[in-house]
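Please examine the structure shown below alongside its sequence. The paragraphs that follow lead from a single side chain outward to the packing and the charged pairs around it.

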Amino acid sequence: MQARLAAEAETIQAHLSRVLAPFGTGPVAEGMRYATQGGKRIRGFLVMESARLHDVPETAAIWPATAIEALHAYSLVHDDLPAMDNDDLRRGQPTVHIKWDEATAILVGDALQSLAFELVAHPDCGPAEVRAGLTLSLARAAGGQGMVLGQALDIAAETATTPLSLDEITTLQAGKTGALILWSATAGACMAHADMTPLSTYARALGLAFQIQDDVIDVTGDAAAAGKAVGKDAAAGKATFVSLLGLDGARARAASLVDAACDALSCYGERGERLRDLARFVISRQS
């Protein structure tokens with residue numbers, strides 16, 4: 001699975017480099033390139049693989065795959081800011097506001113968000129109807145009904161007088177982490193005007209399993225392997241899947257979600273095997 005992810009990541013990185021080339025030099029342009037380097041490209045992989053399942057050409061799928069990685073990078077740049085998670089390390093490198101400054105980091109995030117919508121609306125992505133559908137759904141997934149809402153709930157939880165319940169954490173993570181994963185996994189079906197239900201079911205289970213594994217890594221991992229600070233949730237007294245379920249319980253819950261994700265792909269037969277492999281990988285990763 002890691003080899004497949006690496007190959008897809010290389011394709012997506014090459015496309016990102018091409019679309020960023022006209023931005024020239026300067027702190028914002030350089031920051032955009034810096035922020036979009038590295039990472040596993042799981043969201044981009046989901047776009048590309050869901051497109052293959054529906055016989056959407058790679059030349060079209062690369063645009064939303066690159067768009068979601070630009071948008072994800074923006075979210076990380078802003079999450080790392082002192083007013084948010086206040087992190088100094090991302091993917092084993094200094095965060096954007098550490099390498100430059102806070103103002104540059106804010107502008108880099110803003111520019112990457114705008115770039116995401118520019119890419120998903122590109123004519124090579126498909127007919128106008130397809131591009132409009134992808135753009136609308138991406139706006140909803142990224143904004144106040146999706147990722148931003150999840151982040152806001154997470155910030156509010158830090159000052160809450162009582163820890164969040166399991167249901168509340170699940171709702172929070174469905175926005176913060178799950179919304180972009182859901183969009184990515186269903187992009188191919190959207191482009192092909194196909195039924196999104198199987199991939200939606202898969203993605204909801206995958207997104208939650210992904211976040212549970214993040215919580216596990218925060219407890220069991222080390223900064224060198226994770227490429228970012230660990231142990232912050234426990235230090236802040238935040239409720240997580242691990243704090244509520246215990247380490248073994250969280251791992252069991254993640255494994256059960258992966259089984260559900262794989263089962264949701266039964267209609268695709270052997271063609272869905274790469275997505276099944278991805279689900280298994282998600283709960284085995286250490287970063």
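Gln 213 has a relative accessible area of 5% in this predicted model, and because the limit for a buried residue is under 20%, Gln 213 counts as buried. This residue belongs to helix 11. Beyond its neighbours within four places in sequence, Gln 213 is in contact with Val 282, Ile 283, Ser 284, Arg 285 and Gln 286. One polar approach can be singled out: a polar atom of the Gln 213 side chain lies 2.9 Å from the backbone oxygen of Arg 285.

Arg 285 also takes part in a salt bridge through its own side chain, which meets that of Asp 214 at 2.9 Å, N to O. Asp 214 lies in helix 11 and Arg 285 in the segment after helix 16, so this pair ties together parts that are 71 residues apart in sequence. Both partners, Arg 285 and Asp 214, are buried. A network of salt bridges with shared partners joins Arg 4, Glu 273, Arg 276, Asp 277 and Arg 280.

Helix 16 itself spans residues 273-282, and its buried residues are Leu 275, Arg 276, Leu 278, Ala 279, Phe 281 and Val 282. The cover over these buried residues includes helix 1, helix 3, helix 11 (197-220) and helix 15 (247-263).

Helix 3 also contains a charged pair. Glu 49 and Arg 52 form a salt bridge whose closest N and O atoms are 2.9 Å apart. The two residues are 3 positions apart in helix 3, so about one helical turn separates them. In general, an α-helix has 3.6 residues a turn, so residues three or four places apart point the same way. The surroundings of the two partners can be stated separately: Glu 49 is buried, with a relative accessible area of 4%, whereas Arg 52, at 27% relative accessibility, counts as partly exposed.

Another salt bridge links Arg 90 to Asp 80, with 2.7 Å between the closest N and O atoms. Arg 90 lies in strand 1 (residues 89-90) and Asp 80 in the loop between helix 4 and strand 1, so the pair ties together parts that are 10 residues apart in sequence. Arg 90 and Asp 80 are both buried. In total, the model contains 14 salt bridges.

The nonpolar packing comes next. The largest nonpolar core has 44 residues, and those with the most contacts inside it are Leu 71, Leu 112, Leu 134 and Trp 183. Two or more residues each come from helix 1 (2-20), helix 2 (27-35), helix 3 (42-53), helix 4 (58-79), helix 6 (102-120), helix 7 (128-142) and helix 10 (178-191). Helix 4 gives the most to this core, with 12 residues. Leaving aside neighbours within four places in sequence, Leu 71 is in contact with Leu 112, Ala 116, Phe 117, Leu 138, Ala 142, Met 147 and Leu 180. Apart from this largest core lies another core of 38 residues, including Phe 241, Val 242, Leu 265 and Leu 275.

Nonpolar side chains also appear at the surface. Leu 166, Leu 244 and Leu 245 form a nonpolar patch there, with about 210 Å² of accessible area together. Of these, Leu 245 is found in helix 14 (residues 241-245), and at 33% relative accessibility Leu 245 counts as partly exposed.

How values were computed
Residues numbered from 1 in each chain as written. Predicted model: local features only at pLDDT ≥ 70, side-chain atom pairs only at ≥ 80, totals over all residues. Heavy atoms only, no water. Core = buried A, V, L, I, M, F, W, Y, C linked by side-chain atoms within 4.5 Å. Buried < 20%, exposed > 50% of the residue type's maximum accessible area, 1.4 Å probe, protein only. Helix = DSSP H or I, 4+ residues; strand = E, 2+ residues; numbered from the N terminus. Contact = heavy atoms within 4.5 Å. Patch = residues over 30% accessible without salt bridge, like charges linked within 9 Å, V, L, I, M, F, W, Y side chains within 5 Å. Areas by Shrake-Rupley, 256 points an atom, 1.4 Å probe, with all protein chains shown as cover. Salt bridge = Lys/Arg side-chain N within 4 Å of Asp/Glu carboxyl O. Polar contact = N/O pair within 3.5 Å; in protein donor to acceptor, adjacent residues only side chain to side chain.
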